[in-house]
Structure formats: structure tokens, C-alpha cells
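The following questions and answers examine one protein chain, from single residues to the packing of its elements. Please consult the sequence and the structure while reading.

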Amino acid sequence: MLKEDCASELRVHLAKALPLPSNVNRPRIDLIVFVINLHSKYSLQHVEESLHHVDASFFLGRVCFLGTGAGQEHHYSLHRNTVLKLAHTYRSPLFFCDLEVEDFRATMAQRLVRMLLICAGHVRGVSALNLLSLLRTSETPPPEEL
């Protein structure tokens, strides 16, 4: 993400779990990306535990989920529908990506940077809430059908 051309200053903070340590100097948080490794049940467990520490207002377009390892189905420890249900529960977008493939990784970085710019208010005429409604598709089944 940091390699992407961005008109604004881009800061990325990585954390294994929430809550973050309280730090008075921490910059504003515009987007939270929960990364779930499809090859690790512990990854999902950490995300589920961390979700309890996120203010409800973030789920209005400023949270998304990223399922990694999507290109290697034979190694899955988690079923994709489990992650889909989690994203549906929190009404947040879900992306799947195989980060081992450079082209996929670059494309995902571009999407996340664009999403971040919108969430930070740097794209005129589009808010995080607008983006959320645009990312929802009618093709995605409701959670009760998963």
C-alpha cells in the first residue's frame, strides 16, 4: 500500500489484535482492515476477539475484511462462507486475495488505498457510507442462505 501513488500522506499501522495501546500521539484512524488468513483458524479467532473493541460508528463504511490465501483452496482451515457470514454480520465489505501473487497483491493495495482515500474524505462527492452501499452487491446471498 505504501508503494501506491497517493496525494495524501499515507500511514499504515499493523496490529495483531485490538485494542491498540492508548497513545495520545496516534493519528486519526480512517479505515480498519481485518486480515483473515484462510489457512489459520487462529486468525479468525483473533479478528473475532478484536471486533469487540471497535466503535460501532466504524461499521458505517470504515471497516472491511480481507481473506488472504484465497488462491490455495486445498490448504483452507476456514471455509470461505465462515468469513462471508462474519462480513455480513458486521455489514462490512469482504475481499478475497492471494497475497502470494504480486499482481493480486498490487491490485488489492490499489483498492485499499482508494477505499482509504474515500474514508478519509479525500474524494469529493463520495463518503464512506456511500462506498459501503456501492460495495454491496445484489449477487451476494443473505447470511441465512449461506
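Q: Into which accessibility class does Arg-91 fall?
A: In this predicted model, Arg-91 has a relative accessibility of 49%. Buried means under 20% relative accessible area and exposed means over 50%, with partly exposed in between (1.4 Å probe, protein chains only). Because 49% falls in the intermediate range, Arg-91 counts as partly exposed.

Q: What pLDDT do local features need here?
A: Residues are numbered from 1 along each chain as its sequence is written, and side-chain values use heavy atoms, without hydrogens or water. In this predicted model, totals for chains, interfaces and linings use all residues, side-chain atom pairs count only at pLDDT 80 or more, and local features need a pLDDT of at least 70.

Q: Where is Arg-91, and what is its phi?
A: Arg-91 sits in the loop between α2 and β3. Its phi is positive although the residue is other than glycine, with a value near 50°.

Q: What pattern of helices and strands does the chain follow?
A: Helices (H or I, at least four residues) and strands (E, at least two) are taken as DSSP runs, numbered from the N terminus. The chain has four helices and three strands. Read along the sequence, these elements give β-α-β-α-β-α-α.

Q: Which strands stand at the edges of the sheet?
A: Three strands form an open sheet with parallel pairing, in the order β1-β2-β3; two strands pair if DSSP finds at least two bridges between them. An edge strand here has a single partner, so one side of it is left without a neighbour in the sheet. The strands in that position are β1 and β3 (94-97).

Q: What is the bridge partner of Leu-66 in β3?
A: β2 and β3 run parallel and are joined by four bridges. Within β3, Leu-66 has as its bridge partner Phe-95.

Q: At what angle to β3 does α3 run?
A: Angles run from 0 to 180 degrees between N-to-C directions, with axes fitted to C-alpha atoms, for helices over the stretch in contact. α2 packs on the sheet, touching β1, β2 and β3, and its direction makes about 150° with that of β3. α3 also lies across β1, β2 and β3, and its angle to β3 is about 160°.

Q: Why do the buried residues of α1 line one face of the helix?
A: The buried residues of α1 are Ser-43, Leu-44, Val-47, Ser-50 and Leu-51. An α-helix has 3.6 residues a turn, so residues three or four places apart point the same way. The arc is that of the directions from the helix axis to the C-beta atoms. Seen down the axis of α1, the buried residues line one face because they fall within an arc of 130°.

Q: Which exposed residues does the opposite face of α1 carry?
A: The buried residues of α1 pack against β1, β2 and α2. The face turned away from that buried side carries the exposed residues Lys-41 and Tyr-42.

Q: With which residues is Ser-50 in contact, leaving aside its neighbours within four places in sequence?
A: Ser-50 is found in helix α1 and counts as buried at 4% relative accessibility. Contact means heavy atoms within 4.5 Å. Leaving aside neighbours within four places in sequence, the contacts of Ser-50 are Ala-17, Leu-18 and Phe-34.

Q: Which element gives the most residues to the largest nonpolar core?
A: A nonpolar core is a set of buried Ala, Val, Leu, Ile, Met, Phe, Trp, Tyr and Cys residues joined through side-chain atoms within 4.5 Å. The largest has 20 residues, of which Phe-34, Ile-36, Val-63 and Phe-65 touch the most other members. Two or more residues come from each of β1 (32-37), α1 (41-51), β2 (63-68) and α2 (80-89). With four residues, the element that gives the most is α2.

Q: How far from the sulfur of Cys-119 is the nearest cysteine sulfur?
A: A disulfide is a pair of cysteine sulfur atoms within 2.5 Å, and a search of the whole structure finds zero disulfides. Cys-119 is buried at 11% relative accessibility. The nearest cysteine sulfur, that of Cys-64, lies at 8.0 Å.

Q: Against which helix do the buried residues of α4 pack?
A: In α4 (residues 128-135), Ala-128, Leu-131 and Leu-132 are buried. They cover an arc of only 105° around the axis, which puts them on the same side of α4. The helix against which they pack is α3 (102-119).
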